[in-house]
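Colleague: I would like to go through this model with you. Let us take the ligand, then one helix.

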Amino acid sequence: MKRNLLLTPGPTQVPPQLCEALGRPIIHHRTPQFQTYLKEAVEGLKYVLKTKNDVYLLASSGTGAMEASVCSLLSPGDKVIVADSGKFGERWIELCKAYGADVQVIKVPWGKSVLPADIKKLLDADKSIKAVFVTLCETSTGVTADIEGIGRVVKETPAVLVVDAVSGVGVTDLQTDQWSVDVVASASHKGLMLPPGVAFVAVSPKAEALMQKSTAPKYYFDLKKYKKAAAQTDTPFTPAIGIVIALVESLKMVRETGIDHLLKKYERLAKGTRAAAQALGLSLLADPSCISNAVTAMTLPAGVDGEKLAKIMRDTHGISVAGGQDQLKGKIIRIAHMGVIDEYDILTGISCLEKVLKEMGYSFTLGAGVAAAQKAFNS
Ligand code: PMP
């Protein structure tokens, strides 16, 4: 059987221990046994998110957690700010508009990040702004936002700070309480090494107060229902039972290694990946001031079609990387360093990238990327 190495920014590799947990017989969710899992999952998520806030589990992909945040906090006509640095910033805009919010967008070119000072300017000019929506790791461009700086700005205002951390949790530092993040939306299938199916939302008391006033239409994603159920260690609807059970195991793995130790690992993997790209003459899309440790976006040489490159890597060699989205389709590839993968997975991915680039006619010294990554890993 061919290898199936996922170097994609979600879903990520599921390690054998978690495959075992996912294969366990299903249990009923309205039982003390499931309550024990639910409690442990919530405690583990609080550890990873560095928060004492409530955490609610939903059965959905990451976008469900984003939608739950929007419809549970806002009322039609509410003024909000969205920091748009790529595809997932655009998703915040679309969601906020779908629920009738009055959206002010701060748009930056792909590869850059929105600065706290730009958000401050808008917040200072209008005290009636209810929420600021940002993306921790903009997966489409490989950019990380300065959440700490943005949190410092937003906490001085009546607005709440809502962070899409779908591809950041467990990979990029997020100090929810320390940085005054009011809502974190994320999911199971990236840093937490599981299949898609569980999403979660952490909610601060400041956001909770806004939630109580929200009049946006909602039903399944109404976080008030989740709050009420959580008080009884329960969920309002049938949870993704098997994935919640495996989430407990995943969070144990994270705790055993230690979240800060893991963050260092991703920093090292990112450094190696970037070094490899540069040694191959592939420029990095993200500005160095905001480059992500979760995913590296590299620009391909003219004449090399990124879609074709990714297809050959996947179909011929069993190694999946992501291509570009929208205007970057065919022009970049993205290699993720999140979840269970290690240095040897990255080296395998880089050597495959080199092989296919060579076959596609790009001229460079074979082995240069692998050597640069090795050197960066060991420096
Ligand atoms: N936000 C970010 C930053 C993401 O990377 C993704 C998934 N690529 C999403 C939101 C959407 O998550 P999902 O596809 O699980 O709904």
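Colleague: By class, what makes up the shell around the ligand?

Modeller: This is a predicted model. The shell has seven polar, four nonpolar and three charged residues.

Colleague: Which residues come nearest to the ligand?

Modeller: Ser-61, Thr-63, Thr-139, Asp-164 and Lys-190, out of 14 residues around the ligand.

Colleague: What makes the approach of Ser-61 to the ligand a polar contact?

Modeller: A polar side-chain atom of Ser-61 lies 2.6 Å from an oxygen atom of the ligand. The cut-off is 3.5 Å between N or O atoms, so this pair qualifies. Thr-63 qualifies too, because a side-chain N or O atom is 2.5 Å from a ligand oxygen. For Lys-190, a side-chain N or O atom is 2.7 Å from a ligand nitrogen, so that pair also counts. The protein covers 85% of the 390 Å² of accessible area that the ligand has on its own.

Colleague: Which helix gives the most to the shell around the ligand?

Modeller: Helix 3, with three residues. Helix 3 (62-73) and helix 4 (87-98) each supply at least two.

Colleague: Now helix 13. Which of its residues are buried?

Modeller: In helix 13 (residues 368-378), these are Gly-369, Ala-372, Ala-373, Ala-376 and Phe-377. Buried means under 20% relative accessible area.

Colleague: Why are they said to be on the same side of helix 13?

Modeller: Because they cover an arc of only 135 degrees around the axis. The face turned away from that buried side carries the exposed residues Lys-375 and Asn-378.

Colleague: What do the buried residues of helix 13 pack against?

Modeller: Helix 10 (259-279) and helix 12 (343-359).

Conventions. Residues numbered from 1 in each chain as written. Predicted model: local features only at pLDDT ≥ 70, side-chain atom pairs only at ≥ 80, totals over all residues. Heavy atoms only, no water. Near = heavy atom within 4 Å. Polar contact = N/O pair within 3.5 Å; in protein donor to acceptor, adjacent residues only side chain to side chain. Areas by Shrake-Rupley, 256 points an atom, 1.4 Å probe, with all protein chains shown as cover. Helix = DSSP H or I, 4+ residues; strand = E, 2+ residues; numbered from the N terminus. Nonpolar A, V, L, I, M, F, W, Y, C, P; charged D, E, K, R; others polar. Buried < 20%, exposed > 50% of the residue type's maximum accessible area, 1.4 Å probe, protein only. Arc of directions from axis to C-beta. Contact = heavy atoms within 4.5 Å.
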